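Please examine the sequence and the structure displayed below. A set of questions and answers then follows.

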Amino acid sequence: MTILRARRASTLAVVAALAAVTATGTALLTSPAAAAQGCRVDYTPNQWSGGFTANIKVSPGDTAVSSWTVTWTYAGDERVTNGWNAAVSQSGSTVTARNMSYNGSIPAGGATEFGVQGTFGSSGGAPTGFSLNGVPCNGVGPTPTSAPPTTPPPTSAPPTTPPPTTPPPTTPPPTTPPPTTPPPTTPPPTGCAGAVLCDGFENQTGSTPSGDWTVVSPDCSGAGTATIDTTTTHSGSRAVRINGAAGYCNHVFIRSTKNLGSVGSVRYGRIWVRHTTAQPTEHTTMMAMTDAADGNKDLRIGGQNGALQWNRASDDATLPEQSPAGVAQSVPLPTNRWACLEFMVDGSAGQLRTWLDGTAIAGLTADGVPTHDIDGQWYNRTWRPQLTDLKLGWESYGGGADTLWYDDVAIGSSRIGC
């Protein structure tokens, strides 16, 4: 299985797409470091309140390049704070990204990818003015000789500029998200794609989870509670509400009573989750799975340093590593809206992948090859998990409190999707 990583040439496609800028240019240059006919830059962002990440795909077109420099201009007050797989700088509203030593060469018809993270204040917007090695891309180029320079015939638009009412064939209109990234409100697929566990909690009749779920406190109990909620749901009329209290010993989870050990060595999960409070600096957990191959200790996902992270209870290894560069390759779990969290754990290969709202998160990917800042700590020993259950809830190991809702939960042996 190929694992996408934000630190390699074919990496990061990051959670909840806001805009994608794609088209085809017409400049023709033959210098090894110049853009050729059809140069293209795809910019796919993921934005939350006050911040964003973006994955940028560079396609030089018909002629290979030996090095590249990509520039673009922001329409709002975005400020890039860091990047990966490129040396990134910003002057005013213009951003410049240059290749690293390992990803400068792109073959004809090929592509490479890099990413940026940043902040914004009062406004944001789709960037414009993309160029590759000084050559305008995405449909900006010489005027075709078959049309007048400034006024194309009414019945025939220039080949590189579709009429305003017809979007380019490769670019969905602004109100339609890319086909691989469903909006957060998309209901789960009918039947959960054959998942072993598929539950929207509609069969819950009381105020406390029961039947297919049981309330547990793995380490110690306290002020945390788990209830059935009929006022805040992702779909249907019921969801599970977790009142997560701050401080150790307030652990509370709901645990599936189904035998999930039968799923097999490759486990895919899909969980719709909503919460009220931004993830704190301290370590928290919102989902845990018992690992029979690791002394029945939990493999868990939650947060630390304000972003999503995986944590291994047996040795406290984290994914990504909790360095600034590692944390920057994860993302926060958005607050006050439903988000689709997906994961894949391959026990036979010792690999792990994570998606948020359909977009892969590079910092939450373990591909079997230890890489500093990402999964170097994760692979400090052989890891071959055998997961047997699923627990949803809240653990706080410091001062963090949160209120969470879970709905439309699914576990299976193939990807279920949002």
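The questions below proceed from the whole chain to single pairs of residues. This is a predicted model, in which local features need pLDDT of at least 70 and side-chain atom pairs count only at pLDDT 80 or more, while totals for chains, interfaces and linings use all residues. Residues are numbered from 1 along each chain as its sequence is written, and side-chain values use heavy atoms, with hydrogens and water left out.

Q: How many strands are there in the protein chain?
A: Helices (H or I, at least four residues) and strands (E, at least two) are DSSP runs, numbered from the N terminus. By this rule the protein chain holds one helix, and its strands number 24.

Q: What percentage of the residues in the protein chain is buried?
A: A residue is buried under 20% relative accessible area, exposed over 50%, and partly exposed in between (1.4 Å probe, protein chains only). The protein chain has 418 residues, and the buried share of them is 50%.

Q: Which are the edge strands of the open sheet with the order E5-E6-E3-E8-E9?
A: Two strands pair if DSSP finds at least two bridges between them. The sheet has five strands with antiparallel pairing. Strand E8, residues 128-132, pairs with E9 over two bridges, and Ser131 stands opposite Pro136 in E9. The strands that pair on one side only are E5 (87-91) and E9 (135-136).

Q: How many salt bridges does the count come to?
A: A salt bridge is a side-chain nitrogen of Lys or Arg within 4 Å of a carboxyl oxygen of Asp or Glu. One of them joins Asp42 and Arg40, with N to O at 3.2 Å. Asp42 is buried at a relative accessible area of 11%, whereas Arg40 is partly exposed at 23%. By this rule, the count of salt bridges is 10.

Q: How many residues apart in sequence are the parts that the pair Arg337 and Asp357 ties together?
A: Arg337 and Asp357 form a salt bridge, with their closest N and O atoms 2.8 Å apart. Arg337 lies in the loop between helix H1 (324-327) and strand E20 (339-346), and Asp357 in the loop between strand E21 (351-356) and strand E22 (359-360), so the pair ties together parts whose distance in sequence is 20 residues.

Q: Is Asp357 buried or exposed?
A: Its salt-bridge partner Arg337 is partly exposed, with a relative accessible area of 24%. For Asp357 the relative accessible area is 1%, and this residue is therefore buried.

Q: Which residues do salt bridges that share partners join into one network with Asp389 and Lys391?
A: Asp389 and Lys391 form a salt bridge, their closest N and O atoms being 3.0 Å apart. Both Asp389 and Lys391 are buried. Salt bridges that share partners join this pair into one network with Arg255 and Asp298.
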